[in-house]
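Reader: I've got a model open and would like to learn how to read it. Can you walk me through some features?

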Amino acid sequence: MPLSKPTACLALADGTLFYGHGFGAEGQTEAELCFNTAMTGYQEIMTDPSYAGQIVTFTFPHVGNVGVNADDDETADPVAAGMVVKWDPTEPSNWRAAENLKPWLARRGRIGIGGIDTRRLTRAIRQQGAPHVALAHDPEGNFDIEALVEAARGFPGLVGLDLAKDVTCAQSYRWDEKRWAWPEGYTRQENPRFKVVALDFGAKRNILRCLASVGCDVTVLPATATAEEVLAHSPDGVFLSNGPGDPAATGSYAVPMIKEVLATTELPVFGICLGHQMLALALGANTIKMNHGHHGANHPVKDLETGKVEITSMNHGFTVDGQTLPEGVLETHVSLFDGSNCGIRMADRPVFSVQYHPEASPGPQDSFYLFERFAAAMQARTATA
């Protein structure tokens with residue numbers, strides 16, 4: 001039976017309203033609205049720190065059907081501000097489910113809205129760009145529409161916003177947990193070959209697990225760490241993580257650190273997503289805000305050096321402007337959806353990065369070889385040291 005009165009409202013800054021069924025936490029939140037086309041992994045998406053400041057519209061209708069469990073969290077709590085789905089979340093039917101999605105969201109303070117025409121909403125995002133929105137959930141169905149629209153218009157947006165400082169770790173820590181595998185689950189890296197310092201701009205746990213799985217003893221440092229603090233650990237390589245917000249804003253403190261590391265060492269450097277954008281800025285390129293970004297687990301990317309096409313997982317609203325890459329920095333990967341930059345490397349050093357997520361989670365694992373490439377670069381350097 002449909003509810004006689006909507007219990008949630010999504011208000012766009014242009015005054016467009018979507019009414020639906022609220023679930024999860026009660027209250028109101030403002031954010032940028034994006035859409036994600038992945039068919040699986042709603043828990044990983046909601047807990048991915050790269051979604052800070054965003055509400056996610058899920059284009060796949062079956063959300064909630066596998067429940068949630070502690071193993072699939074990418075960080076301690078959901079980071080995305082809220083979720084928009086076509087149907088009310090269903091009861092879980094999966095052997096790994098430890099809890100239902102609705103109470104999990106409520107306990108974690110995240111708002112959801114169901115019963116939305118997500119196809120219409122997605123078309124609007126694609127045509128008009130990622131809008132600023134306000135999402136409210138009230139079980140009594142009482143909404144101040146004028147105030148909601150004003151709240152959406154008052155959201156400052158992500159341009160110029162440094163969100164990495166909000167999601168980074170408070171202090172350094174070690175990581176040795178490897179990727180999940182049947183039947184053991186998560187195991188520990190007991191024989192690491194390389195010492196890696198990972199800069200946490202909003203790192204996903206599965207990225208750290210991938211590093212451990214290729215033989216890395218990982219020390220994670222806060223986003224604001226200096227080059228001196230990075231090099232004090234005598235690493236064999238430096239990793240630049242994913243994260244949210246405007247790379248130019250976070251770059252105000254991260255780019256000088258990366259420049260100093262590159263200037264004073266020959267260490268291999270590997271970056272993903274925001275880390276890719278940070279590396280590009282440090283090398284002299286520019287970044288730009290995209291119309292609606294790339295969010296999903298089905299994005300084709302072409303490796304320009306091998307001709308191979310990879311199906312990748314993506315989550316970014318900013319991109320490196322490939323036209324601004326300086327001499328000595330090569331474009332290695334491009335999106336086959338829109339031709340945007342998806343990878344770079346220095347021509348004469350083992351310094352490289354990609355825009356997409358080779359750890360997937362969720363998504364295909366075509367690109368895991370990049371972690372192995374990073375390990376091979378560290379192996380080559382230690383062999384000649």
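Reader: Let's start with the sheet of ten strands: what order do the strands have, and is the sheet open or closed?

Author: Keep in mind that this is a predicted model. To read a sheet, follow the strands from one neighbour to the next. Here the ten strands go E8-E10-E9-E11-E12-E17-E16-E15-E13-E14, the pairing is mixed, and the sheet is open. E8 and strand E14 (309–320) are at the edges, and each has a single partner strand, so one side of each lacks a neighbour in the sheet. On average, neighbouring strands are turned by 25 degrees against each other, ignoring direction.

Reader: How many bridges join E16 to E17, and do the two run parallel or antiparallel?

Author: Strand E16 (residues 341–346) is joined to E17 by three bridges, and the two run antiparallel. For a pair to click on, try Arg345, which stands opposite Phe352 in E17.

Reader: Which strands does helix H6 lie across?

Author: Helix H6 (residues 205–213) lies across E8, E9, strand E10 (216–222), E11 and strand E12 (269–272). Against E10, H6 runs at about 145 degrees.

Reader: Now the backbone. Which phi sign and which peptide bond form do most residues have?

Author: Most residues other than glycine have a negative phi, and most peptide bonds are trans. Let's look at some cases that go the other way.

Reader: Where is there a cis peptide bond?

Author: One joins Trp182 and Pro183, with omega at about 0 degrees. Pro183 sits in the loop between strand E8 (173–175) and strand E9 (194–200). Another cis bond runs from Ser361 to Pro362, where omega is near 5 degrees. You'll find Pro362 in the loop between strand E17 (351–354) and helix H10 (369–384).

Reader: And what is the phi of Ser361?

Author: Ser361 is not a glycine, yet its phi is positive, at about 60 degrees. Ser361 is also in the loop between E17 and H10. The relative accessibility of Ser361 is 15%, so this serine counts as buried, the cut-off being under 20%. Ser234 has a positive phi as well, about 50 degrees, and is not a glycine either. Look for Ser234 in the loop between helix H7 (227–231) and strand E11 (237–240).

Reader: Last one, the surface: which residues make the nonpolar patch of about 460 Å²?

Author: Trp95, Trp180 and Trp182 make that patch. Trp180 lies in the loop between E8 and E9. With a relative accessible area of 35%, Trp180 is partly exposed.

Note on methods: Residues numbered from 1 in each chain as written. Predicted model: local features only at pLDDT ≥ 70, side-chain atom pairs only at ≥ 80, totals over all residues. Heavy atoms only, no water. Helix = DSSP H or I, 4+ residues; strand = E, 2+ residues; numbered from the N terminus. Buried < 20%, exposed > 50% of the residue type's maximum accessible area, 1.4 Å probe, protein only. Pairing = 2+ DSSP bridges. Axes fitted to C-alpha atoms, helices over the stretch in contact; angles between N-to-C directions. Contact = heavy atoms within 4.5 Å. Patch = residues over 30% accessible without salt bridge, like charges linked within 9 Å, V, L, I, M, F, W, Y side chains within 5 Å. Areas by Shrake-Rupley, 256 points an atom, 1.4 Å probe, with all protein chains shown as cover. Salt bridge = Lys/Arg side-chain N within 4 Å of Asp/Glu carboxyl O.
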